[in-house]
Amino acid sequence: MPSTALAERLEEHSLTLGSGDVVVIYTDGLTEAVNPRREMWTNARMHDALAGLQDTAAEAVLQRLLTSVDAFREGASQNDDEALVVFRPLAFEGERAPLQSAHGAPETNLPPHATSLVGREQEVSELLGLLTERDTGVVTVTGTAGIGKTRVALGAASLALGAYPAGAWLADLGEVEDAEGVCKQVGAALGVDLSSADGAERVGLALQGRTRTRGGRLLLILDNADQCRLAVNELVSQWRALAPGVVVLATSRGALGLPGERAVALRPLGVPARKKTARIEPVDEPTLRALAKMPSVELFVARARERDPRFELTKENADAVGQLCVRLDGIPLAIELAAARAKVLSPQKMVERLNQRFALLRDQRGTSARQSTLRGALEWSWELLDEPERETLAQLAVCRGGFFLELAEQVVDLADLPDAPMVMDVVESLHDKSLLDSTELVRLGGERRFNMFESVRAFALEQLHERGHAEATEARWRKALTDYARDWHTRTGTDESRLRLQLELEALAEIARGRDEHACHAALIAGPMLQRMGSPKAARELLKNAADHCPEGELKQRLHIAHAMALVHTDPAGAEKILANVPKESSLYIEAILALGQTYQNRGNGKMMKELLLDLQKHSDLAPLQRGRICAGLGNASLMTGDMARGLEYYLEALRVAEELGDPVLAGQVTGNIGVVYNMKGEPDTALTYFNRALELMKAQEHQLAEGYWLVNIGGIHELRGEYDEAERKLTRALNIGRESGLRDVTAGALGALAEVAGKRKDFEKAQDFAQQALEIDAETGNLRGKATHMTQLLLVKRAMGLEQEFEEGLKEVIALAEQVGDRYMVAERTSDLGMAQAERAIRDGDTALMKEVVTRLPGAIEGLDQMGAGRARGARTALAECLFELGEKAEARAVLDRLEQSKPEDNVEDRALVERIRILHEKLAAGE
């Protein structure tokens, strides 16, 4: 459109905005955002997302909208340019101060911002709101060392400058210890001569004069008020009595305690989730975008670019940057100091050097040790503590992963200090000074849990060793926490027990790395938890270490069994070897045999597993839970040997036991396996219901191993339906769980299923790569059944590529493998696949001999599937009917078609194609009559 025509159509309107109004300006790239189902975000969804946000900061509104749009996309790529602007007027009561004094802008000694504030928009907005309220007297920005208190305070003060006609004046009290020093610093900031009068009174009168003569309020910024808090409190009270127009903005680790004080606590910047492994890997595009939006990552990138303009956040380094920010607790100073190394160290190398964090995190360009090194900031905080606080902080540094107050009271020993306060009081004081963080746990009735930031803990541990108290303190902690965990472990099955033990998992894992009895007990608790929550490698290492150092006896046998259970998914043969150490006369023999059955399952040997568990079922001293686990195992063995009806009976009995005992883990496992039965029977909708139910049960228990399994099964059903995007999302999630957690069977299952999806999308290179990776895992773990499954998936890709001969020869090898492990279902299904492929080739080529071979082979496979109750025989029957028709056996072909009419087509791509083939065959038969 020509600019003149556009100008003629433009109109100008004015709009008066009030407190609570929010203005959102956006382009259609947002409202026309599309999800995988091709649905648009629309204006209606935009209005829904904005509902109830009238009193929300503009930055929070913006983030809410972007998060909502991203969630709606469900991983789909951005399809159009996006622009979004959000603003709202600040609430202001009473007469507004002029934005400029009569002589121009208000005077100030505030320094210009050298760098931008990143990730602090909401805090600055909150602080600005307080500074522009009429009734504000004192505002304190609080937080731990390095959290960015000064920068946030100065940022807000600069924005609020127009509301202070008498100016904004900064006094740094970082090196001040008494009232005289405070007066000197404030006097110097204001330009007041203190040589010939009482300093406090002279400053007060100067403040009074400025607020009276310059038409309004004055902002006095007292930076680093910690070490002279009492003096600051006395002087601020005195000065504000003389000059009520003075507003004080202070920065301190904790609130000053002045009447009417308003505190703004700074929290660490948002960080990604902590990974369960130390492995750093490339990320995909959606993950890269999500990481780039993390405030801590954004800060790192911004500061790294200041040192090295070529620095970019990439798929290769984003994981390292994210985990670096996690390890630095989202503390801005620590992140900035790390980013300062960007010219000489990659993010991956920075992560590796965090064990030397105080050498790494220093920047010689800083103005003081406190500002240019992390150690300097922490030393400054340490010097401000009294002796009981220092001793308590040092001793609490042994508490890995946080602690409850009761544990602190058992660990901290202040007996050598005269008139020592109660540990509870010292913990509260350290919390008020931002050296301890805390979380209120709603699920534990609001109980408060304390923790230290990693850098604070590293510094405090150094102090503990220097004081010579480390060994005794560590011993108290190991005993107290192990006793606590053993007590709660006896209450296994309750939500409170699970939550409390998960909170202590990091600490228990640390204790388990020792060599004493506490290590053995801690390993028995932490090992299975790590396995269940997706860290099997760590579980294996802990349990092996404990078993190696545990003296002979029942405790060692328990460790052998737990170690074997941690091995069954990666080294089932090794697990079987370990279980041989448990004698038959042991009270733990039944547990050992149950574990042995699991090794057979993971080696694909259903026959041996079934024999073992049937023999075990004869024991008269089985506990109810053991009987339930045996039934579940027999269900698995039955499916592996092709007896679906019996397998379902076993599963239902196991589910009854699980529900009777209130065991959600067993219930989740069996529920998912019932879904497997229905999927094999050709009832995918019913199967999906069970899979989703199992997934929710396992997610509630944070059981990542099982979560990965059911995601693979769910993804498989979506793939059969032709819902490839949804299948890929579920399977990619399962693959991430498997890889991040070291669960090799989950990884192999996800890779195999992703190979099928890629094959259906004609991305044959990717499909073959996925399948080959799955087969490599099978070879390493010795899983013959897994090998047969993933060979089939690779062969299907080859068939789609037109490699018919490779497909048929490969199926014969798969059938032989299935016969070797006793999997009747797989034998019948692969024989059916082979027959269908040969039928298609024979009919196309007019190969009568091959048709006769098919007519001989397929009936046995169909009968086998029917006997097992499988619903996967429609394709084989269709191929058989077609061959019979081509051979002139029309009556027999019609009989097969009649049988087909009795089965209901499944809602998937393959059956939809079969319907058309059956229709054509009917027409041919009718035409020949």
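This report walks through two nonpolar cores, one helix pair and two loop residues of a predicted model.

Local features need pLDDT of at least 70 and side-chain atom pairs count only at pLDDT 80 or more, while totals for chains, interfaces and linings use all residues. Residues are numbered from 1 along each chain as its sequence is written, and side-chain values use heavy atoms, leaving out hydrogens and water.

**Cores**

Let's start inside. A nonpolar core here is a set of buried Ala, Val, Leu, Ile, Met, Phe, Trp, Tyr and Cys residues joined through side-chain atoms within 4.5 Å; buried means under 20% relative accessible area (1.4 Å probe, protein chains only). The largest core has 121 residues, and Val 670, Ile 674 and Trp 710 touch the most other members. Helix α37 (residues 744–760) gives this core its largest share, nine residues; helices are DSSP runs (H or I, at least four residues) and strands are E runs of at least two, numbered from the N terminus. A second, separate core holds 118 residues, including Phe 459 and Ala 485.

**A helix pair**

The axes of α42 (residues 848–867) and α43 (residues 874–886) come within 9 Å and cross at roughly 150 degrees. The axes are lines fitted to C-alpha atoms over the stretch in contact (heavy atoms within 4.5 Å), with angles from 0 to 180 degrees between N-to-C directions. That makes α42 roughly antiparallel to α43, a term for angles over 145 degrees.

**Two loop residues**

Both entries below are non-glycine residues with positive phi.

| Residue | Phi | Loop | Relative accessibility |
|---|---|---|---|
| Asp 329 | near 60 degrees | between α12 (318–327) and α13 (332–339) | 17%, buried |
| Ser 434 | about 65 degrees | between α20 (423–432) and β9 (437–441) | 14%, buried |

Note on methods:
Buried < 20%, exposed > 50% of the residue type's maximum accessible area, 1.4 Å probe, protein only. Parallel < 35°, antiparallel > 145°, perpendicular 65-115°, else oblique.
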